Amino acid sequence: MDFMSDSSRNQRRFRTFNVIDDFNREALGIDIAVSLPAGLDLYLFNNLEQVRKVTEEWLTSYNTERPHEALNNMTPIEYKTLKQAA
């Protein structure tokens, strides 16, 4: 986890609180605000499990249920299976 700060075009400063899994290079959560009190950071930590659940559901849907035009309207799993059979 790390804090970063920057400013917008009108010079208004803001901060970000980033929680990153270095092993998987996965952003688990990012909180952006002008001020980041400790309560907001605790809220982010408490919701990481929910973030992982939503991400996992999306990945499952994206790879097993959703056809992709670039893969001849097959899901990535169907395409992989077809390529392995060939």
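## Strands, aromatic pairs and loop residues in a predicted model

In the hairpin that β2 and β3 form, four residues stand between the strands, and R25 takes a positive phi near 55°. The structure described here is a predicted model, and this report follows its strands, then its aromatic pairs, and then a loop with two asparagines.

### The strands and their partners

Strand β3, which covers residues 26–33, pairs with β2 in the antiparallel sense over seven bridges. Two positions show how residues of these strands face one another: I20 has A27 in β3 as its bridge partner, and D21 stands opposite E26 in β3.

On the other pairing of β2, the strands β1 and β2 run antiparallel and are joined by six bridges. The hairpin of β1 and β2 has five residues between the strands, and in this hairpin Q11 takes a positive phi near 70°. Within this pairing, the bridge partner of F3 in β2 is F17, while the bridge partner of M4 in β2 is T16.

T16 also has a side-chain link to N18, since a polar contact of 3.3 Å joins the side chains of N18 and T16. N18 is found in strand β2, and with a relative accessibility of 9% N18 counts as buried, because a residue under 20% relative accessible area is called buried. For a student who follows the side chains along a strand, it helps to know that in a regular strand the side chains alternate between the two faces of the sheet.

### The aromatic pairs

How many aromatic pairs does the model have? The count comes to two aromatic pairs. In one of them, the rings of F3 and F17 have their centres 4.9 Å apart and their planes at 45°, so the pair is tilted; the reasoning rests on the cut-offs, because planes under 30 degrees apart count as stacked, those over 60 as edge-to-face and the rest as tilted. Since F3 lies in strand β1 (residues 2–7) and F17 in strand β2 (residues 13–21), the pair ties together parts that are 14 residues apart in sequence. The two rings belong to residues with unlike exposure classes, as F3 is partly exposed at 36% relative accessibility, whereas F17 is buried, with a relative accessible area of 3%.

The other aromatic pair is formed by W58 and Y62, which are stacked, with 4.8 Å from centre to centre and 25° between the planes. These residues are four residues apart in helix α2 (residues 48–64), so W58 and Y62 are separated by about one helical turn. The table sets the two pairs side by side.

| Pair | Centre to centre | Angle between planes | Class |
|---|---|---|---|
| F3 and F17 | 4.9 Å | 45° | tilted |
| W58 and Y62 | 4.8 Å | 25° | stacked |

W58 and Y62 are also part of a nonpolar patch on the surface, where W58, L59 and Y62 together have about 290 Å² of accessible area. L59 is found in helix α2 and is partly exposed, with a relative accessible area of 34%, while Y62 is likewise partly exposed, with a relative accessible area of 30%.

### The loop between α2 and α3

Which backbone angle stands out at N72, although N72 is not a glycine? The answer is its phi, which is positive at about 55°. This deserves notice because most residues other than glycine have a negative phi. N72 lies in the loop between α2 and α3 (76–85), and N72 is exposed, with a relative accessible area of 62%.

N73, which is found in the loop between α2 and α3 as well, has a positive phi of about 60° although N73 is not a glycine. Is N73 buried or exposed? With a relative accessible area of 54%, N73 is exposed, because the class of exposed residues begins over 50%.

A last distance relates strand β1 to a residue further along the chain: F3 lies in strand β1, and the C-alpha atoms of F3 and M74, which are 71 residues apart along the chain, are separated by 41 Å.

Definitions and conventions:
Residues are numbered from 1 along each chain as its sequence is written. This is a predicted model: local features need pLDDT of at least 70, side-chain atom pairs count only at pLDDT 80 or more; totals for chains, interfaces and linings use all residues. Side-chain values use heavy atoms; hydrogens and water are left out. Rings of Phe, Tyr and Trp (its six-membered ring) pair if their centres lie within 6.5 Å; planes under 30 degrees apart count as stacked, over 60 as edge-to-face and the rest as tilted. Buried means under 20% relative accessible area, exposed over 50%, partly exposed in between (1.4 Å probe, protein chains only). Patches are made of residues with over 30% relative accessible area and no salt bridge: like charges are joined within 9 Å, nonpolar side chains (Val, Leu, Ile, Met, Phe, Trp, Tyr) within 5 Å. Accessible areas come from the Shrake-Rupley method with a 1.4 Å probe; for residues, only the protein chains shown count as cover. A salt bridge is a side-chain nitrogen of Lys or Arg within 4 Å of a carboxyl oxygen of Asp or Glu. Two strands pair if DSSP finds at least two bridges between them. A polar contact is a pair of N or O atoms within 3.5 Å; within protein, one must be able to donate a hydrogen and the other to accept it, and residues adjacent in sequence count only if both atoms are side-chain atoms.
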